[in-house]
Protein chains: 2
Amino acid sequence: MFKKVIIIGTGLIGGSLGLAMKNKKLARTIVGFSRHLENARKARKMGAIDYIGKDLETVKDADLIILATPVKSIIEISSRIKDKINKNCIVIDVGSTKQAIVAKLDTIIPNFVGCHPLAGSEKRGVSNLENDIFKDSICILTPTPRTNTKVLNRIRAFWKRMGAKVVLVAPEKHDRALAFTSHLPHAVAFALISAIPDNYLSLSSGGLKDTVRISASDSELWAQIFLSNRQKLLTAINSFQKKISTLKLALENKNEKFLIGIIKKANQQREKLR
Amino acid sequence: MFKKVIIIGTGLIGGSLGLAMKNKKLARTIVGFSRHLENARKARKMGAIDYIGKDLETVKDADLIILATPVKSIIEISSRIKDKINKNCIVIDVGSTKQAIVAKLDTIIPNFVGCHPLAGSEKRGVSNLENDIFKDSICILTPTPRTNTKVLNRIRAFWKRMGAKVVLVAPEKHDRALAFTSHLPHAVAFALISAIPDNYLSLSSGGLKDTVRISASDSELWAQIFLSNRQKLLTAINSFQKKISTLKLALENKNEKFLIGIIKKANQQREKLR
């Protein structure tokens, strides 16, 4: 499918993509970059990449570049590679927010497609690479009117080969939706685990553990995601705060019927989650 | 261990206790009561109880009575059985809040021990009975100065045979802790899933699913739990609201360093969860 692939950021998503591409024989050669040499070495040892990239000049004969760093670095790196890549090279990113990234990369890279595989995990980093984390996952592609249709179809086929179900969503709608379905749950999980006094933690069960699982997510990565989707996340937090205030009011008023109604609605909404 | 056991409420916890007691041969005869005859029949069919109780007179020769109904009914039923049971009969409950229940039952039942097995699930009811839901779970016992030591030791041994790790906690502390570690996460999960617009739900991954798993919990059961621990849950919600407001402030101020600090603290707190 591709001759020379460059993966910039060989963490959980980037590394797992490399591993899956090698296993499915979708790439002849994969060159990996990482901020930390140690991680790139691990990725090579695990078979996720063939070579460790020395400098960015190597992008010049690549036919696919995957930007798999945190959000801010994706934008920075795009500026550094734009004049080095050949005109047929396809560039994709796997960032968790899309509006800012797509606004920038869409104008400076000829064959760019924004991607967001919903296959991350609170377990970051190369040690958690898995071959099939994309199997049965959803991958959101965020094409714009500038996106080349042939390139889009190729990338769509690429993600399907990874086992993902592909959905096309405009960048702005992507960020609005993910503010609610991913960034808000992270914000809530961070706040929830922080609110619990230390000495009560041992008196808990699987319910708490699941509810705060994602509070183990990486701080630097998530601060960047939050800030790159700031306004939409604030809107989502406001909606959530209203819901918790309503529940609190029902509790203050000892209104059992109202409380049951609130919980029943939550049950119904929960049912709609696939 | 027991000759005649009465289980009032043959749902997930009551039914699973019956099943485990039969499998471990801890009870010669188990009589089960349920509000819905259908559930009692299912429990009998599954081998969780031997007989379906006809009326409460049958408690008179029981040596163990397990109250496994929602919180309000536990208190109501205790008044109805107190004059029928023999003086050596042990009564335990498995309610999710303890202060109100223990305050009442401790005074009217000679051999009472409040229990809270942390082994519930959002899947309520007899169809979800499992033999080993108590294995490796925590069971909190809430003795008071009135609790008979021999009875306490017998009940402690009983839960150990069920595979649970037994912890003794005063009823008031139990309710304070569980307000944070169980009731607050439920309130948060109910509010979170309700805040997400319907049309965004499909753009989500396992992170959201885990975070709101317990939002599928039963409305009647949980409204009663919330109301029976109202003041302490309000305190917990207030703490949580402060944390989410702080996070929001960091976001409003675009303060990346502050945001990273908040998330790092959450990471550390999450680490402390067993």
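**Exercise 1. The sheet of chain A**

In this predicted model, His116(A) stands opposite Ile140(A) in strand 7 of chain A. Determine in which sense strand 6 and strand 7 of chain A pair, and describe the sheet of chain A and the helices that pack on it.

*Solution.*

Step 1. Strand 6 (residues 111–117) of chain A pairs with strand 7 of chain A over 3 bridges, and the sense is antiparallel.

Step 2. The strand order in chain A is 3-2-1-4-5-6-7-8; this is an open sheet of 8 strands with mixed pairing. Strand 3 (51–52) and strand 8 (165–168) of chain A are its edge strands, each pairing on one side only.

Step 3. Helix 2 (residues 37–45) of chain A packs on the sheet and touches strand 2 (27–33) and strand 3 of chain A. The direction of helix 2 makes about 160° with that of strand 2 of chain A.

Step 4. Helix 5 (residues 149–161) of chain A also packs on the sheet, where it touches strand 5 (90–93), strand 6, strand 7 and strand 8 of chain A. Its direction makes about 30° with that of strand 6 of chain A.

**Exercise 2. A helix pair in chain B**

Classify the packing of helix 3 (residues 71–81) of chain B and helix 4 (residues 99–108) of chain B.

*Solution.*

Step 1. The axes of the two helices lie 10 Å apart and form an angle of about 10°.

Step 2. Angles under 35 degrees count as roughly parallel, and therefore helix 3 of chain B is roughly parallel to helix 4 of chain B.

Step 3. Helix 3 of chain B contributes Val71(B), Ile74(B), Ile75(B), Ser78(B) and Ser79(B) to the contact, while helix 4 of chain B contributes Ala100(B), Ile101(B), Lys104(B), Leu105(B) and Ile108(B).

Step 4. By class, the residues of this contact are 7 nonpolar, 2 polar and 1 charged.

**Exercise 3. Domains and the chain interface**

State how the two domains of chain A meet, and which helix of chain A gives the largest share of the side that touches chain B.

*Solution.*

Step 1. Chain A comprises domain 1 (2–169) and domain 2 (173–272), whose centres are 30 Å apart over C-alpha atoms.

Step 2. Domain 1 of chain A gives 14 residues to their contact and domain 2 of chain A gives 16 residues. On the domain 1 side, helix 3 (71–81) and helix 4 (99–108) of chain A each give two or more residues.

Step 3. Between the chains, 74 residues of chain A are in contact with 74 residues of chain B. Helix 6 of chain A supplies the largest share of the chain A side, 15 residues.

Step 4. That side of chain A has 43 nonpolar, 15 polar and 16 charged residues.

Definitions and conventions: Residues numbered from 1 in each chain as written. Chains lettered and ligands numbered in written order. Predicted model: local features only at pLDDT ≥ 70, side-chain atom pairs only at ≥ 80, totals over all residues. Contact = placed C-beta atoms within 7 Å. Helix = DSSP H or I, 4+ residues; strand = E, 2+ residues; numbered from the N terminus. Nonpolar A, V, L, I, M, F, W, Y, C, P; charged D, E, K, R; others polar. Domains from an automatic or database assignment. Axes fitted to C-alpha atoms, helices over the stretch in contact; angles between N-to-C directions. Parallel < 35°, antiparallel > 145°, perpendicular 65-115°, else oblique. Pairing = 2+ DSSP bridges.
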